[in-house]
Amino acid sequence: MRAPWELALLAAALLVPALGSRFYTFLANDVLIWALFATSLNLLVGYTGLVSFGHAAYFGIGAYTTGLLMKKLSLPFLIAFPAAGVLAGGFALLFGFFCVRLTRIYFAMLTLAFAQIVWAICFKWNEVTGGEQGMPEIPYPSLDWMGRLPLVGGLRTSDHFYLVTVVLVALCLWVLRRVVGSPFGRMLTTIRENAERAEFIGVNVRRYELAAFVLAGAFAGLAGGLFGIFNRGVFPDFAYWTKSSEVLIMTLLGGMGTFYGPALGALALILLNQQIVSYTEYWPFVLGTILIVLLFVFPGGLAGAAGTALRRLRRAA
Amino acid sequence: MPDFSFIFAQSISGLTAAMFLFLIAAGLSLIFGVLRVLNFAHGTFYMLGAYAAFQFMQWLGPGRGRFWLAALGAAAAIALLGGLVERFLFRHLYGAEELYQLLFTYALVLVLGDAAKMLWGTQQKSVSAPPELGGKALSLFGATIPYYNLFIILLGPVIALGFWLTLQRTRAGRFIRAAALDRETLGALGVNVDALYTWVFVLASFLGGLGGALISPMRATTPGMDTEIIVEAFVVVVIGGLGSFWGTFFGALIYGQVLSFGILFFPRFSIFAVFALMAAVLILRPWGLLGRPLK
């Protein structure tokens, strides 16, 4: 019963370029990438109960990997994109090995420290990363074959890249959904609820947490790889701590208790941003105010609020 | 190898930076020690302290001693702001999850940081050093130390000692230390813990605001200095030990020297060195160099 609306959503996403507006496609592309990024974080925060302050590190690593491979080495997207996931996952394994040994605030602080290390390297290693100036002009993948297809042949390159993003993000979300629903995913939830009890029944808690950390990092890396191309450039602030809190806000805004909550949060935040910036330059002020209201009024996030409203409606009916 | 006077000058500049960091990190550490929350907005209080000092200077106009008045006024204004935030907003989140409390303090960073932009614009603001100390410098071992830096280096330990004595010797200080250990028992003994928490916020914000006001003659005040300093303050409290008083002082000293000599030997990777140190401390001794493990 669950599949149809997800497929309908996928179909709707694929139809966005048909609207013919460059702006709508741009927005939809932004939303999709952030949705993947936030969902990857939710695997840690929502499902495993590990609050990471440094998730932007893996997003940044992915973005730089794809960017460097495509721009400096002229490698095809087919290699550069998976490489983003592999490298980000590799670093997540290295950093996570130390992080999962710590709990709560110390875990958060160590993830932050590692992310700032990544940021400092991107910021200062001019020869490779372009330093403070970043790396502009990341090429689009060569999607000439799409031009020969019926229906989509006449679209712009950015639309072609958007279609690729839709398919890749859908695939990643599908995989993440499978992970969360698998016995492995159930075990993560068990650890979140009571790590001590999980340990008692013979679960190697650290190993599970590390696996979740690596998976989350790898998918954040894939999101970063897409974002660098979408953004037509990669910059050190992709890995700065404020990016980590941005994605944490999306996750919380959408509701971290649900699988699609963070994606909903990404959608809501990006659309809201678009609306607000046409009225005022003080977007952070508005966002902060929304966040405060949300914390006091709907601690379950948008998805939580919607769920409560739905239950009330059902009860009333 | 650089000569001695150069190394001396470098260590003095590290020491000056350390004293500022101590002022900021002490408040952060105090709030964490008592309330077990990392206050992201503490960096914003520091930035607002600098802006407030600028504003008071404008209002006071020319005259002797106006810098000191402006600095104290700024610190008092930030203390008041901190108290109000605790009393009317933060208080209601004590029962909530840690993550929500953290996000609340981050929301404050967004709101207050943008409010500062609305009030003072994005142009950098600078405050001139007090005439009693400005422009003059001391020559020591071939290095030149401006009087203002010397004042900061002396002020840091004075504030540290005063703060420590307040915590150790006064009634309020004993209550604060007791609240850090066991809030319920303290409340059951008839102490007004709610009011105590407000005062902790007031005191911490005062120190943060004072730090911002005092740094304004040395560094231009710009938007963005809040998110930069807060991470540095995190590094300091983590190195010294979260919630540990002398650990914070010690952590600030280490940070100042690592940054100052890091620039000397690896100019490109001094920021890297600082965060690497933070990571190393967390891996080897998560409770910090002088802290004790949390329960």
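**Notebook: chains A and B**

I began with confidence in chain B: its mean pLDDT is 85, and 98% of its residues reach 70 or more. This is a predicted model. For the complex, I noted an ipTM of 0.84 and a pTM of 0.87 from the predictor.

Next I looked up the fold of chain A. I found 15 helices and 2 strands in chain A. I then checked its radius of gyration, which is 20 Å. The globule rule gives 20 Å for 317 residues, so chain A is as compact as a globular protein of that length. Along the principal axes, the C-alpha atoms of chain A fill a box of roughly 55 × 55 × 40 Å.

I turned to packing within chain A. Of its 317 residues, 50% are buried. I also looked at contacts with a separation of 6 or more in chain A. Residues 24 or more positions apart account for 75% of those contacts.

Then I went to the interface. How many residues of chain B are in contact with chain A? I have 33 from chain B, set against 31 residues of chain A. On the chain B side, helix 4 (98-120), helix 9 (225-240) and helix 11 (270-284) each supply at least two residues. Helix 4 of chain B gives the largest share of that side, with 13 residues.

Last, I sorted the chain B residues on the side that touches chain A by type. I got 28 nonpolar, 3 polar and 2 charged.

Note on methods. Residues numbered from 1 in each chain as written. Chains lettered and ligands numbered in written order. Predicted model: local features only at pLDDT ≥ 70, side-chain atom pairs only at ≥ 80, totals over all residues. Helix = DSSP H or I, 4+ residues; strand = E, 2+ residues; numbered from the N terminus. Rg over C-alpha atoms; globule rule 2.2 N^0.38 Å. Buried ≥ 20, exposed ≤ 12 C-beta atoms within 10 Å, placed from the backbone. Contact = placed C-beta atoms within 7 Å. Nonpolar A, V, L, I, M, F, W, Y, C, P; charged D, E, K, R; others polar. pLDDT = per-residue confidence, 0-100.
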